[in-house]
Amino acid sequence: MTADFTTRGLTRTYGEGHSAVHALRGVDVEIPAGEIVVMLGASGSGKSTLLNILGGLDRATSGTAHFRDMDLTAMTDARLTRYRRDHIGFVFQFYNLMPSLTARENVELVTEIARNPMRAEEALELVGLGARVDHFPAQLSGGEQQRVAIARAVAKQPEVMFCDEPTGALDSATGRTVLEVLNEVNARLGTTILMVTHAANIADMAHRVIRLADGAIREVVENGQRKPPAEIVW
Amino acid sequence: MVSPLDRKLLRDLRRMKAQVIAIGAVIATGVLLQVMMSGLVASLTETRRAYYERNRLAEVFAPLTRAPEAELARIAAIPGVARAEGRIAGAALIDMPDEAVPLQARALSLPDRSERGLNAVYMISGALPDPAARDEALLIEGFAKAHGLGPGDRLTVTLNGARRVLRIAGTAQAPDMLYTAVPGEMMPDAARFAVLWMPRAALAAAYDMDGAFNETLVTLARGASEQAVIDRIDAILRPWGGTGAYGRDQLVSDRFVTEEINGLRTMSRVMPPIFLAVAAFILYIVVSRMVQSEREEIGLLKAFGYTGAEVGAHYFKLVMIIAIGGALAGCLGGIASGRAMIGVYTTFYNFPFLVFRPDPAAFATGVAASVLAASAGGLFVLRRVFRLAPAEAMRPPAPGDFSRSIRLDGPVGRRLDQPTRMVLRGLSRQPLRAAALAAGIAAGMALSAGMTTIYTSFDRVMEMNFSVVDRSDATVLFTHPLSERAAFSLARIPGVLQVEPMRDVPAILRNGRLSHRGAITGMPAAPEMTRAIDADQRPIPLPAEGVVLGEALADVLQVRAGDMLRIEVTNGRQPVLEVPVTQVARTLLGAPAYMRIDSLNRAMREPGLISGLHVRVDAAQADAIWLSLKDMPAVAGVSVAEDMQASLQKLMDQGAGSARYIMGAIAFIITFGIVFNAARIAYDERAHDLASLRVMGFTRAEAAFVLLGELGLITLASLPVGSLAGYGLAQAIAEGFSTELYQIPAGYDPFSHGFAALFIVGAALVSGWLIKRDLDRADLVLALKTRE
Ligand SMILES: Nc1ncnc2c1ncn2[C@@H]1O[C@H](COP(=O)(O)OP(=O)(O)O)[C@@H](O)[C@H]1O
Ligand SMILES: [Mg+2]
């Protein structure tokens, strides 16, 4: 097993002195390549913070975080940008599509700057939106928008996809479609998927589950009995 | 207890500090100009009125050659005349040891009991001369100050050709001498023109006026008709060489002060509204942006049970705090700058006392206008607050609907990359907003281009007047018309390269009921030194019959080429001419009327007479030449072009013209404010999209393009529109600045417009850079947490 991510003593503190918030308190974790990893934990336990540091959006206060042999904690801003551009796809709770671009154009936004992209239409087929490529975000439902966001993340064929509460704003039926798409991407393309959620049942589809509490890893569990997303209820 | 909404208000104000200050400053500037200018108008008007009243300025003036004092009784007996006095007035020369040319002066007789007479002097220092003294005089304060003279000092003066030394008894001002200029020059210059007041007996002896007078001063009874009195006075004085009585409003001194006040009044009406409109506009876009981004909070407040009016009041308070704060700052600034500006008027006008008294009405209108302008901006926004449904807060954030923006799937559109599409769609989705921003920037362009045009126009006036219109080195005026032979004797002075004769005769020009008291200038048919020029700077040849009028004069008389004009010469045989206006000349200084000297002399039946000469001299010998002119008794004065140029420059830089610097600076500051606010708002609206782009791995420059591309396009689109508006604005401001004294031409000046365009682009770049800094610093994680 090769690890995509390795962290050692990772901490992240917001503010100083009395009012300091310790979002991460020394996290040591490994994320194996090609797996779906679900991160669980109560609200405020540090899930997003860890995701953001691994995704190159935020910086650790101390400790190290490596993506393969790259030391994320030592990179300049420009290098981090490059890192996100070349290796990472993001999916957020609120989709973050460009409202002024159609579904296809939103995907092309990324494929234009990617090294080894698939065609935008192909990515949209993959998420089941082949018929809606020319719609603007305002003309799509929440679930469809989230699937465009996934298509956009997938289209550049990243090594890793980060999903922060991807189903958070969706009803469970729509959420399940989104999870199926993610599962499909992992199976077909071998993309490592690191997903944050507070819906514990979603962990059933993961290869591995990481539980955080109060800024530290509580436990890491390998899931011997993965369930297909279609069978998950939450 | 402070309500939570009010606490939010304070926090909002602190958060938007830069914008609050910028908008407040624009409002303050508008109010400042309003308070300052209307205060100056009020102060000048009131001071002048009080001064005239206290020092009994005559209401009708009637110059003549010479009349026995007994005639005064007849004038006093005219119905409607309250009081009639005669005085002696004459031209004089002062020989200052450190001046190359003799300086011109006007000598006036003091009334025997000067504390009672008309046009009473206002003593500044020293004492009145002893009525019996022969060699004592009062000197006008401005001249005394300029030359460091005071009571007890001595002056070498030529009175009626006789040279003598006078002792300065004191310094003074007088209400008929608010504005003093060298005859024939018009530029006020305290250092180069003096007024001397002497006891009547002494002056009578010098000018051969024993028991006689040559200027009548008259005040009117309440309700008397000025014109009727003038007609009767003219009838009485005609046999005595009367050159036409005129009312106070035709008094040169009063006329120029009136022009100044009118100019100020025009400006005080034009400028403040422009600033307030700009402020209202910025306020509107800033607050509407704020309401847009606080949609959810507003919905939430309403859901909690706050009424639309309560929530609206919260935003309205914000608008009012900025408006009233700006207006109050403007009032204070207006008082301070009014006090500073009033000093300018004491330099150029001989007011003995001049206190800046702000017009209370200006405060009221200033504050009211700011509140109104801000409310107008605020009301549009409030409508949205009212319309917003409480449910809005509960809805998930909906992306803006771009389905009706441009499609971009044509052959060109398909080649565009996605960031460019975002720019174009952003613009096309809200064309009104884009147009509003463009309009704002265009307003800035107009202000800057307009003001720069005015700057360059001032310089152009100088340059053109002294290199195209008047190319002489000096103008020599004689005490009385001489034969042309005088020209030859002058031309023989070593170093004099060229002379050109001229003849000035005082005249009243009339077109129907419009009239102007001025002079006709006779010149050779094709003069080489001082010329009438047309709009293309080509010399206008003078016709054998007819007159060429300067622009300002043609305006006053409302005549055009081809119209007939009545010219009543008030000198010599006083002929009346009916002549056509053959052409209107482009003038920069003064309001001249040109005729051929031979036609003029024929009309006067005084062939071959000249009243002065334009000369060109060898620069190395200039001082020696002026020195030899000092000793010629027939020379009334020498105006050296260099001195005139310096006076004009001073007037434009320190006088009323100096306002252009302030206004120019303000224009550029405002322009920057508009551009920066436009950019800032565009950024606030896009912050979230930009963060998303950065998360996806777009570099800073790539993300900035999406933001600044839009700003850039809007800026570019606004330039031509602004340029056009700037052209119009320059015309209006030039009109405001132009007086009979100098006319500011404001054509399309490519340099000014280019400069303004560069400034706008520069401002856009700096704004872009400032905002790109924010963009660089933006915390990606934070930006993604906030929705919308
Ligand atoms: N920008 C920030 N400033 C201050 N505290 C923050 C910031 N971001 C997150 N935190 C704090 O860090 C802790 C972990 O936050 P986060 O990683 O977002 O939690 P989770 O995603 O697990 O709900 C929380 O206590 C949160 O309040
Ligand atoms: Mg979170």
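Helices here are DSSP runs of H or I with at least four residues, strands are runs of E with at least two, and both are numbered from the N terminus. With that in hand, take helix 1 of chain A: right after this helix comes A:Gly56, with a positive phi near 75°.

A word on ground rules. This is a predicted model, where local features need pLDDT of at least 70 and side-chain atom pairs count only at pLDDT 80 or more, while totals for chains, interfaces and linings use all residues. Residues are numbered from 1 along each chain as its sequence is written, chains are lettered from A and ligands numbered from 1 in the order in which they are written, and side-chain values use heavy atoms, leaving out hydrogens and water.

Back to helix 1 of chain A. Seven of its eight residues are buried, where buried means under 20% relative accessible area, exposed means over 50%, and partly exposed is in between (1.4 Å probe, protein chains only). Among the buried ones are A:Lys47, A:Thr49 and A:Leu50.

Two of those names come up again at ligand 1. Thirteen residues surround the ligand, and the closest are A:Gly44, A:Gly46, A:Lys47, A:Ser48 and A:Thr49; a residue gets onto this list if one of its heavy atoms lies within 4 Å of the molecule. The surrounding residues come from chains A and B, so the two chains share the site.

Now for the polar contacts, meaning pairs of N or O atoms within 3.5 Å; within protein, one atom must be able to donate a hydrogen and the other to accept it, and residues adjacent in sequence count only if both atoms are side-chain atoms. The side chain of A:Thr49 puts an N or O atom 2.5 Å from an oxygen atom of ligand 1. A:Gly46 uses a backbone N or O atom instead, 3.0 Å from a ligand oxygen. A:Tyr14 has a side-chain N or O atom 3.5 Å from a nitrogen atom of ligand 1. On its own the ligand has 550 Å² of accessible area, and the protein covers 69% of that (areas come from the Shrake-Rupley method with a 1.4 Å probe, and for residues only the protein chains shown count as cover).

Which elements give two or more residues to the shell around ligand 1? They are strand 2 (21-32) and helix 1 (47-54) of chain A, plus helix 21 (780-785) of chain B. Helix 1 of chain A supplies the largest share, three residues.

Staying in chain A, have a look at helix 3 (residues 103-111). Eight of its nine residues are buried, so the rest of the structure largely encloses this helix. The buried set includes A:Arg104, A:Glu105 and A:Leu109.

A:Leu109 also leads us into chain B, since it is one of the residues touched by B:Leu693. Others on that list are A:Met98, B:Met422 and B:Phe698, with residues up to four places away in sequence not counted; contact here means heavy atoms within 4.5 Å. B:Leu693 and B:Tyr345 touch the most other members of the largest nonpolar core, which has 143 residues. Such a core is a set of buried Ala, Val, Leu, Ile, Met, Phe, Trp, Tyr and Cys residues joined through side-chain atoms within 4.5 Å. Helix 7 (residues 252-293) of chain B gives the most to this core, 18 residues. A separate core of 41 residues has A:Ile36 and A:Cys163 among its members.

Chain B as a whole has 21 helices and 20 strands. Its C-alpha trace spans about 100 × 60 × 50 Å along the principal axes, and 56% of its 788 residues count as buried.

One of the buried residues is B:Asn214, at 11% relative accessible area. B:Asn214 sits in strand 10 (residues 212-220) of chain B, and its side chain reaches the backbone nitrogen of B:Ala89 at 2.8 Å.

Finally, some backbone angles to check. Most residues other than glycine have a negative phi. B:Arg56, though not a glycine, has a positive phi of about 50°. B:Arg56 lies in the loop between helix 2 (17-54) and strand 1 (60-68) of chain B and is partly exposed at 25% relative accessibility. B:Gln558, also not a glycine, has a positive phi of about 55°. B:Gln558 is in the loop between helix 14 (551-557) and strand 16 (564-569) of chain B, and at 60% relative accessibility B:Gln558 counts as exposed.
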